[in-house]
Amino acid sequence: VLYRAAGEPSVTGITNKFTDNKQGKYYYNAVLWASNKGIVNGATATTFAPNASCTRGQMVTFLWRANGSPEPKSMTTSFTDVKSGAYYEKAVAWAVENNVTTGTSSTTFSPDASVTRAQAVTFQWRAAGAPAAEGTNAFADVSASAFYAPAVQWAVNAGVTTGTSDTTFSPNSNCLRAQIVSFLYRSAK
């Protein structure tokens, strides 16, 4: 097992079932943990696809599963692009009920669109109750007025991410599957 930061869940005794989840990669422990907990599935039975972009539907589903897959009070949303029976339907309904998302418009969620790094940390921050974010933003590409600014600061403070460099967060870049599971793993209690 690789180095585990304080507070991160243990992955001792978990078997790696993905050929593309290599020891030494920043996401190795996170993939072990998330797949063992049933939070994520592989792209195939033997591959995880860590460098593939994650969709908004996948992100919300991973977050919902990480929170115990709670039953939503209602399956009704205003999103016309969330089809009945879709794998992400319950997750989206839960996310709307818990103010994790308002969608990409009042009638669309865009489940097949790639989730950006800004959206991913914002979903996670809101799911955590939108805690106050203290400190000074070190990222030149995160404006203080951006909707995701407090989420990014919370993510840095909580050790969820350090950004893509010391001075950039890359908020509009697609968030990769490896990044998503790493964010969830680092914030797991």
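Which helices do the buried residues of H2 pack against? They pack against H3, H4 and H6, where contact means heavy atoms within 4.5 Å, buried means under 20% relative accessible area, exposed over 50% and partly exposed in between (1.4 Å probe, protein chains only), and helices (H or I, at least four residues) are DSSP runs numbered from the N terminus. The model is predicted, with local features needing pLDDT of at least 70 and side-chain atom pairs counting only at pLDDT 80 or more, while totals for chains, interfaces and linings use all residues. Residues are numbered from 1 along each chain as its sequence is written, and side-chain values use heavy atoms, with hydrogens and water left out.

H2 is a mostly covered helix, with eight of its eleven residues buried. Those eight are Arg56, Gly57, Met59, Val60, Thr61, Phe62, Leu63 and Trp64. Just past the helix comes Gly68, and its phi is positive, near 95 degrees. The loop between H2 and H3 also holds Ser69, which is not a glycine but still has a positive phi of about 50 degrees. Ser69 is partly exposed, at a relative accessible area of 30%.

Now for the partners of H2. Its axis and that of H6 are 11 Å apart, and the two helices pack at an angle of about 25 degrees; axes here are lines fitted to C-alpha atoms, for helices over the stretch in contact, and angles run from 0 to 180 degrees between N-to-C directions. That makes H2 roughly parallel to H6, given that angles under 35 degrees count as roughly parallel, over 145 as roughly antiparallel, 65 to 115 as roughly perpendicular and the rest as oblique. The crossing of H2 past H6 is right-handed, a label used if the near helix is turned clockwise from the far one by less than a right angle (anticlockwise would be left-handed). On the H2 side, Gln58, Met59, Phe62, Leu63 and Ala66 meet Arg177, Ile180 and Leu184 of H6. Sorted by class, this contact has six nonpolar, one polar and one charged residues, where Ala, Val, Leu, Ile, Met, Phe, Trp, Tyr, Cys and Pro count as nonpolar, Asp, Glu, Lys and Arg as charged, and the others, Gly among them, as polar.

H4 makes another partner for H2. The two axes come within 11 Å and cross at roughly 25 degrees, so H2 and H4 are roughly parallel to each other. H2 passes H4 in a right-handed crossing. Arg56, Met59, Val60 and Leu63 of H2 make this contact with Gln119, Ala120, Phe123, Gln124 and Ala127 of H4. The class tally is six nonpolar, two polar and one charged residues.

H4 itself is mostly covered, with nine of its eleven residues buried. The buried set runs through Arg117, Ala118, Gln119, Ala120, Val121, Thr122, Phe123, Gln124 and Trp125, and these residues pack against H2, H5 and H6. Ahead of H4, in the loop that joins H3 to it, sits Asn99. Asn99 has a positive phi of about 55 degrees although it is not a glycine, and it is exposed, with a relative accessible area of 58%. After H4 comes Gly129, with a positive phi near 95 degrees.

H4 meets H5 at an angle of about 75 degrees, with the axes 8 Å apart. That puts H4 roughly perpendicular to H5. Val121, Thr122, Gln124 and Trp125 of H4 touch Pro150, Ala151, Val152, Trp154 and Ala155 of H5. By class, seven nonpolar, two polar and no charged residues make up this contact.

The largest nonpolar core (a set of buried Ala, Val, Leu, Ile, Met, Phe, Trp, Tyr and Cys residues joined through side-chain atoms within 4.5 Å) has 53 residues, of which Trp33, Met59, Val115, Phe123 and Ile180 touch the most other members. Two or more residues come from each of H1 (28–36), H2 (56–66), H3 (89–97), H4 (117–127), H5 (149–157) and H6 (177–187). Neighbours within four places in sequence aside, Phe123 is in contact with Arg56, Met59, Val60, Leu63, Val100, Thr101, Phe109 and Val115.

One polar case rounds this out. Asn21 lies in the segment before H1 and counts as buried at 2% relative accessibility. Setting aside neighbours within four places in sequence, Asn21 is in contact with Asn16, Tyr27, Tyr28, Val31 and Leu32.
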